[in-house]
Every structure is written in structure tokens, then in C-alpha cells.
Amino acid sequence: MTIRVLIADDQMMVREGFSVLLNAMPDIEVVGEAVNGRQAVERVRELAPDVVLMDIRMPELNGIEATREIVASDGSAKVLVLTTFDLDEYVYQALRAGASGFLLKDASARQLADGVRIVAAGEALLAPSVTRRLITEFSKLSEAPRLMPSAQAAYGDLTERETEVLVLIAQGLSNSEIAGRLVVAESTIKTHVSRILVKLGLRDRTQAAVFAYEARLVTPG
């Protein structure tokens, strides 16, 4: 099954470069491009891509707001944020808005293609080292977001083991790594993850990680 991709970036060279790299992959097709956030939202409605490569800093509507609109209006399109710096101050905001992960613009062709595949499959693109940096940056915010009352109530519904799994998700561990850490079958972890997402009303592992940050379950260490 071919993964349909939309590239949203205000730099023509970035759009063209990524298009060439991705179209060279047998399982990926670039179905469209957008030069700003507003156009990205419109093109998602028109083209129904599986994955949107989204630049954060764009005119008319920035990538964060565009991501929020796309996630709210289209449950199937996954957003993969593009950034020049791995400590971009806006990355965390993009993840809160519903992005499934982020990728550096200087990524290799293989990293770019793998990133698209991972996000299209419903997984989070958050390497452990990246996750640790995000947590560190988040902890420095003077006005750090807090859980809404409804979210606090949902958090109380998690079992002790589900809370433990949630923490490990936020630390960037995969299902197999969590299974190894807790000495249980990977299928058991998949069940825990599914239940966590349902109980918290979240769409994917990335949102689960963001939830853990805001619940203060994970701190820099």
C-alpha cells in the first residue's frame, strides 16, 4: 500500500528536494505541496494524504496552528514536523497540537523515508535522546501547561501497571523495549498501550508522552 504524502514548507528547495527523495521510494508517493499553513490545511482536505511533512515557521498560518486544524478536522492524516534544530522551541507546542513526531530537515533520504513509514503506521517518531531533551526544555517553561480536570480524572482511571507503561512510553521506549524492561510479552504491552490511549482519549503514543509530561510523571534526569 502506497503512503500518500503532502509536503508543507515555504522554501521551494526543501519541497522539491524532499519530493525527489520520497518519490524515489517504491512505497511512498508525494501527492501535493503547500507553501504555507493555510494552504496545507486546504490541501489535506482536497488530497487526503496519509502523512503531512509540516514546517513550523511558515507565513499566513504557522505549522503549529495548521497541525491543530488538520488533527481536529481529519483523524487519518498524521503530521510529521520538520525543523532545522532539534531543540526548536516550538517542537513541544507542535506535539501538543497533535503532531506524531518531528524530523530534522538535514535527515538522510533513509531517515526521511523511515520517518514517514513510522508515522504512517501510527507510531511516534520520538527517539529517546530527543524525548529527554524535550522533557528538559519543557521543565524550563515558566508557564508549563497543567492537566485539565477532565484529564486528571482520566489519569486516575489508569492502573499501576498502565501508569508504569505510560512513563516508559514518555521515555521513548518501544513496545519491545518496554516488554523487556517489565519482563512480559510484547503483546501484553500492546494491550496496555491500547487501554491507556482509550482511557485518556488520546490518538497515539506521542500524545501519551505529552500527557505524561503534563502530569509530571516524567522529569529530567
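Which residues are linked with Arg 117 in a network of salt bridges? Asp 27, Arg 110 and Asp 114 join Arg 117 in that network. The structure is a predicted model. It holds an open sheet of 5 strands, and a search of the whole structure finds 11 salt bridges.

**The sheet**

- The strand order is β2-β1-β3-β4-β5, with parallel pairing.
- Two strands sit at the edges: β2 (28–34) and β5 (101–104). Each of these pairs on one side only.
- From one strand to the next, the twist averages 25°.
- Strand β1 (residues 3–8) pairs with strand β3 (residues 51–55) in the parallel sense. The pairing runs over 4 bridges.
- Leu 6 has Val 52 of β3 as its bridge partner.

**Helices on the sheet**

- Helix α1 (residues 12–23) lies across β1, β2, β3 and β4 (78–83). It runs at about 165° to β2.
- Helix α5 (residues 109–120) also packs on the sheet. It touches β1, β2, β3, β4 and β5. Its direction makes about 120° with that of β3.

**A salt bridge between helix and strand**

- Arg 15 forms a salt bridge with Glu 33. Their closest N and O atoms are 3.2 Å apart.
- Arg 15 lies in helix α1 and Glu 33 in strand β2, so the pair ties together parts that are 18 residues apart in sequence.
- Arg 15 counts as buried because its relative accessibility is 9%, under the 20% cut-off.
- Glu 33 counts as partly exposed, at 28% relative accessibility.

**A salt bridge within helix α2**

- Glu 46 and Arg 43 form a salt bridge, with the closest N and O atoms 3.6 Å apart.
- Both residues lie in helix α2 (residues 37–47). They are 3 residues apart, about one turn of the helix.
- Glu 46 has 56% relative accessibility, so it counts as exposed. The cut-off for exposed is over 50%.
- Arg 43, at 25% relative accessibility, counts as partly exposed.

**A salt bridge within helix α5**

- The side chains of Arg 117 and Asp 114 meet in a salt bridge, at 3.0 Å from N to O.
- Both lie in helix α5, 3 residues apart, about one turn of the helix.
- Arg 117 is partly exposed, with a relative accessible area of 28%.
- Asp 114 is partly exposed too, with a relative accessible area of 31%.
- Arg 117 and Asp 114 belong to the network that includes Asp 27 and Arg 110.

Definitions and conventions: Residues numbered from 1 in each chain as written. Predicted model: local features only at pLDDT ≥ 70, side-chain atom pairs only at ≥ 80, totals over all residues. Heavy atoms only, no water. Pairing = 2+ DSSP bridges. Axes fitted to C-alpha atoms, helices over the stretch in contact; angles between N-to-C directions. Contact = heavy atoms within 4.5 Å. Salt bridge = Lys/Arg side-chain N within 4 Å of Asp/Glu carboxyl O. Buried < 20%, exposed > 50% of the residue type's maximum accessible area, 1.4 Å probe, protein only.
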